[in-house]
Amino acid sequence: MFHWINKYMGWRNWAVFRYNSVFENFFILFLIALVDQKRDLVFLKDSLLFILFSIFATTYGYLVNDYSDMELDRQHGKSNTFEKDSKTKAVLVVALIFLLALLTSLPFWDRPYFVGLTLLWFLITSFYSLPPIRLKERGTANIIFVVLAQRLLPVLILFSVFNFWHVPFLISLLAYVFLRGLSSDVNHQLEDYENDLKTGTQTFAVSKGFRHVQNLFFISLQLEKLLLAVVLLQILFSVNFDRFIAKWLCWITAAIYFVGLGWFLVDKRQWRVNPFHAEERSLNQFLHHAYPSVGLPIFLNLILVFYYLPFAILLLFQILIRRLYSVKILTENFAMKFLLQKLRS
C-alpha cells in the first residue's frame with residue numbers, strides 16, 4: 001500500500017503538496033478566516049476536508065497528464081509515473097483517484113457555485129491533456145487553460161467552499177494568482193522549449209517564440225510582486241484586529257515583504273533572475289516563493305492560533321509539508337542566510 005501511495009500520490013517527489021495551487025496560495029485560506037472572523041471548529045473542519053479534496057483533485061490532474069503523455073515523455077526521455085505500467089493499469093489508477101476526489105468533494109456540494117466550478121475544473125484538467133482536444137497543444141489557448149485549471153479554478157473553488165465574495169479581495173487575489181500561475185507555467189514551457197520544438201508540440205512558447213515568451217515571463221514576475229503588496233495593504237487596513245499581538249504580528253509580516261520588495265525594485269540585477277532556480281536562493285525567489293508560499297501563511301496561521309488554539313493543527317500541517325522541522329531548510333533559505341551574514345559582519 002505504501003509503495004502504491006508513494007508512486008501515484010507521491011508523484012515526482014510529492015509534487016501534490018509542492019505544486020498544489022491551494023498550498024502554493026495557502027495564505028488565502030487564513031486571509032478568509034481573518035477577514036470574515038471565522039475562528040471556530042466549523043471553519044477548521046471545512047479546511048481539513050477541503051485540503052483532502054485538493055490533494056486528490058490535484059493528483060488526478062497530474063496523473064491524467066502523465067497518462068496522456070506516456071509516449072511523448074518516452075520520446076523526450078523524461079520520467080513518467082506510468083512508464084512501467086500498462087495502459088489498462090494507468091486508466092484504473094486515474095479512475096480511482098478521480099473517484100476519491102469526487103467522494104471528498106461531497107461535503108461541499110451545497111456551497112454556492114461549487115458543483116459548477118468543480119465540474120469545469122475536471123473538464124479542463126482532463127481535456128488539457130487528453131486527445132483529441134488536448135488543449136496543451138493549442139498555442140495561446142494552451143497557457144490560458146493551464147493557468148485557469150491549475151491556478152484560478154482551485155482558488156475560486158476555495159472561495160466557494162467558504163462563501164468568500166468580497167469584491168476588492170477577489171480582484172486583487174485572482175489577479176495575483178493568475179500572474180503567479182502564468183510565470184510558473186511559462187517557465188515550465190521555456191524549460192521544455194527545445195524538446196517541444198523537436199517533437200513539434202505546439203505549446204504557447206513554441207508558437208510565440210522563446211525570446212518573446214521569456215520577456216512575458218519576467219514582466220509577469222514583476223507584476224505579481226506588486227499585486228501581493230496590494231493584498232498585504234488590504235489585509236492591514238481591512239481586517240479588524242482586536243488583539244494587539246495579532247495586529248503587531250501582521251504589521252511585522254507585511255514589513256518583511258515591503259523591505260524585500262523595496263530592495264528588489266532598487267537592485268535591477270534581480271529583475272532578470274529566475275526564481276525557479278531554487279539552488280540560487282535569490283531575493284527574487286524569496287519574494288516569489290518563500291514568502292507567499294511559506295512565510296506569509298505561517299504567520300497568518302500563527303495569528304489565528306492566538307484567537308483559536310485548534311488552528312495549531314493547520315500550523316503543524318504546514319510545518320510537515322514544508323519540512324520546517326529540518327535545520328538545513330531553516331538555515332539555508334535566503335532570509336536566514338542574509339540575516340546570519342549581517343550578524344557576522
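**Exercise 1. Find the handedness of the crossing of H15 and H16, then describe how these two helices pack.**

*Solution.* The crossing of H15 and H16 is left-handed. Please keep in mind that this is a predicted model.

Step 1: locate the helices. H15 covers residues 283–307 and H16 covers residues 312–321.

Step 2: look at the geometry. The two helices pack at an angle of about 155°, and their axes are 9 Å apart. Therefore H15 is roughly antiparallel to H16, since angles over 145 degrees are counted that way.

Step 3: list the residues that touch. From H15 come Pro297, Ile298, Asn301, Leu302 and Val305, and they meet Ala312, Leu314, Leu315 and Gln318 of H16. Sorted by class, this contact has seven nonpolar residues, two polar ones and no charged ones.

**Exercise 2. Work out how H4 packs against H15, and which residues meet there.**

*Solution.* Step 1: begin with the angle. H4, residues 27–35, packs with H15 at about 30°, with the axes 8 Å apart. An angle under 35 degrees counts as roughly parallel, so H4 is roughly parallel to H15.

Step 2: check the handedness. H4 passes H15 in a left-handed crossing.

Step 3: read off the contact. On the H4 side you will find Phe27, Phe30, Leu31, Ala33 and Leu34. Their partners in H15 are Pro292, Leu296, Pro297, Leu300, Asn301, Ile303 and Leu304. By class, eleven of the residues in this contact are nonpolar, one is polar and none is charged.

Step 4: connect this with Exercise 1. Pro297 and Asn301 of H15 appear in the contact with H16, and Pro297 and Asn301 also appear in the contact with H4.

**Exercise 3. H4 also packs with H9: find the angle, the handedness and the residues in contact.**

*Solution.* Step 1: H9 spans residues 140–161, and H4 packs with H9 at an angle of about 25°, with the axes 11 Å apart. That makes H4 roughly parallel to H9.

Step 2: this crossing is right-handed, whereas H4 crosses H15 in a left-handed way.

Step 3: Ile28, Leu29 and Ile32 of H4 meet Val155, Leu158 and Phe159 of H9. The classes here are six nonpolar, no polar and no charged residues.

**Exercise 4. Search the whole structure for cavities of 30 Å³ or more, and say what lines the largest cavity.**

*Solution.* Step 1: the search finds one such cavity. The largest cavity holds about 30 Å³ of space.

Step 2: name the lining. It consists of Leu232, Ile235, Leu236, Cys250, Ala254, Leu296 and Leu300. Helix H13 (210–238), helix H14 (244–266) and H15 each give two or more residues to the lining, and H13 gives the most, with three.

Step 3: sort by class. The lining has seven nonpolar residues, with no polar and no charged ones.

Step 4: look back at Exercise 2. Leu296 and Leu300 line the cavity, and both also belong to the H15 side of the contact with H4.

**Exercise 5. Place Asn240 in the structure, and find its contacts beyond its neighbours within four places in sequence.**

*Solution.* Step 1: Asn240 sits in the loop between H13 and H14.

Step 2: leaving aside those neighbours, Asn240 is in contact with Gln37 and Arg39.

Step 3: compare sequence and space. Asn240 and Val35 are 205 residues apart along the chain, while their C-alpha atoms are separated by 7.6 Å.

Notes: Residues are numbered from 1 along each chain as its sequence is written. This is a predicted model: local features need pLDDT of at least 70, side-chain atom pairs count only at pLDDT 80 or more; totals for chains, interfaces and linings use all residues. Side-chain values use heavy atoms; hydrogens and water are left out. Axes are lines fitted to C-alpha atoms, for helices over the stretch in contact, and angles run from 0 to 180 degrees between N-to-C directions. Angles under 35 degrees count as roughly parallel, over 145 as roughly antiparallel, 65 to 115 as roughly perpendicular and the rest as oblique. A crossing is left-handed if the near helix is turned anticlockwise from the far one by less than a right angle, and right-handed if clockwise. Contact means heavy atoms within 4.5 Å. Ala, Val, Leu, Ile, Met, Phe, Trp, Tyr, Cys and Pro count as nonpolar, Asp, Glu, Lys and Arg as charged, and the others, Gly among them, as polar. On a 1 Å grid over the protein atoms alone, a cavity is a set of points where a 1.4 Å probe fits but cannot get out, and a pocket is an open set with protein on both sides within 12 Å along at least five of seven lines; lining residues have an atom within 4 Å of a point. Grid points are joined across faces, edges and corners, and a volume is the space filled by probe spheres set on the points.
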